[in-house]
Amino acid sequence: MKKDLLKLLDLSKEDILHILDTADQMKYSLKHGIPHRVLEGKTLAMIFEKNSTRTRVSFETGMYQLGGHALFLSGKESQIGRGEPIEDTARVLSRYCDGIMIRTYAQDEVETLAKYASIPVINGLTDFCHPCQVLADLMTVREKMTRLEGLKLTFIGDGNNMANSLIVGALKCGMKAAVACPEGYDPDPAVLDFAKGFGRDFTLCRDPKEAAANADVMVTDVWASMGQEEEKAKREKSFAGIYQVNEDLMRLAHEGCMVQHCLPAHRGEEITAQVFEAHADEIFEEAENRLHAQKAVMALLMGNAGVNA
């Protein structure tokens, strides 16, 4: 494992699988009451410049279960919000804490934080990528399907941070990845350049039906992500009536195709209520697995997870 988790592009297939294996151990230990306080006495600083439910609760709960302490820092209430350089924040927190998790807008901010911090930095979300969420997604798929290799993952919707990380995570783990999005809403060029190396295992198209054909995993996300609220009306015109995971689309997928959604979900927009409720167990297992996947990341980066880090 590297010092930080900034984006899945930085990790090898072996790194990702090591995290998933460790997450499985964490989940088993929690469910069976086996102590795993591998971060006893350690502190995670959590910087939030974007609001959160799942990220904050899962990281804070995870640190507690690992024997450590999580410290919440709001961008508005800390010196970061008053213009303190991220370089200075990194060096100060490195003298107080054992790790930093940041949920923010610009990927450059996370990269700079990691450059100047002497302790591990974990990307809790940026506009470019969402590595912790996709690690939980991959964990959930492997739990249900018993494998990742050879499966087809389809993403329908905006080529946003979720699409970027899903493409990278899926392809690195031996899956095929298909993305359907409107013109002008493609995934990041750096991710598309990466995907070119996988030939026919990656498909980018405009037709959701083409992308959904023979899918084993169907994934979607909101049409307008956090920070894009002013574009909501414009985006609805580009996405509505076409880029939606519905029963018609699911009929094109393989029998037993699972559905994933990072939440919150806007029923009737990117996914119908019928499809969401039919796959609710998978979606909320995915949400739970944020806890286990992030505990694995923290344990591997900040302490001894009981396996070779």
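How many residues does helix α12 have, and how far does the helix reach from its first C-alpha to its last? Helix α12, residues 280-302, has 23 residues and reaches 33 Å, close to the 33 Å expected at 1.5 Å a residue. Please bear in mind that the model before you is predicted.

Let me stay with this helix for a moment. There is a kink of about 30° in α12, and asparagine 289 lies at its centre. The helix is also mostly covered, with 18 of its 23 residues buried.

I turn now to the sheets. One open sheet has 4 strands in the order β2-β1-β3-β4, with parallel pairing. Its edge strands, each pairing on one side only, are β2 (69-74) and β4 (121-125). From one strand to the next, the twist averages 20°. Within this sheet, β1 (residues 43-48) and β3 (residues 99-103) pair in the parallel sense over 5 bridges, and alanine 45 stands opposite isoleucine 100 in β3. Helix α4, residues 107-116, packs on the sheet and touches β1, β3 and β4; the direction of α4 makes about 165° with that of β4.

The other open sheet I wish to show has 5 strands, in the order β7-β6-β5-β8-β9, again with parallel pairing. Here the edge strands are β7 (202-205) and β9 (258-261), and the twist averages 15° from one strand to the next. Strands β5 (residues 152-156) and β6 (residues 176-180) run parallel and are joined by 5 bridges. Leucine 153 stands opposite alanine 177 in β6. Helix α6, residues 161-172, packs on this sheet, touching β5, β6, β7 and β8 (217-220), and its direction makes about 170° with that of β5.

Finally, the aromatic rings. A search of the whole structure finds 6 aromatic pairs. One of them is the stacked pair of tryptophan 223 and phenylalanine 239, with 6.0 Å centre to centre and 20° between the planes. This pair links distant parts of the chain, 16 residues apart: tryptophan 223 is in the loop between β8 and α9 (232-239), and phenylalanine 239 is in helix α9. Tryptophan 223 counts as buried because its relative accessibility is 5%, and phenylalanine 239 because its value is 0%.

Why is the pair of phenylalanine 276 and phenylalanine 284 edge-to-face? The ring centres are 5.9 Å apart and the planes lie at 85°, so the pair is edge-to-face, since planes over 60 degrees apart count as such. Phenylalanine 276 is buried at 1% relative accessibility, whereas phenylalanine 284, at 44%, is partly exposed.

Note on methods: Residues numbered from 1 in each chain as written. Predicted model: local features only at pLDDT ≥ 70, side-chain atom pairs only at ≥ 80, totals over all residues. Heavy atoms only, no water. Pairing = 2+ DSSP bridges. Helix = DSSP H or I, 4+ residues; strand = E, 2+ residues; numbered from the N terminus. Axes fitted to C-alpha atoms, helices over the stretch in contact; angles between N-to-C directions. Contact = heavy atoms within 4.5 Å. Expected span 1.5 Å × (residues − 1). Bend = angle between axes of the 7 residues up to and from the residue. Buried < 20%, exposed > 50% of the residue type's maximum accessible area, 1.4 Å probe, protein only. Phe/Tyr/Trp six-rings, centres within 6.5 Å; stacked < 30°, edge-to-face > 60°.
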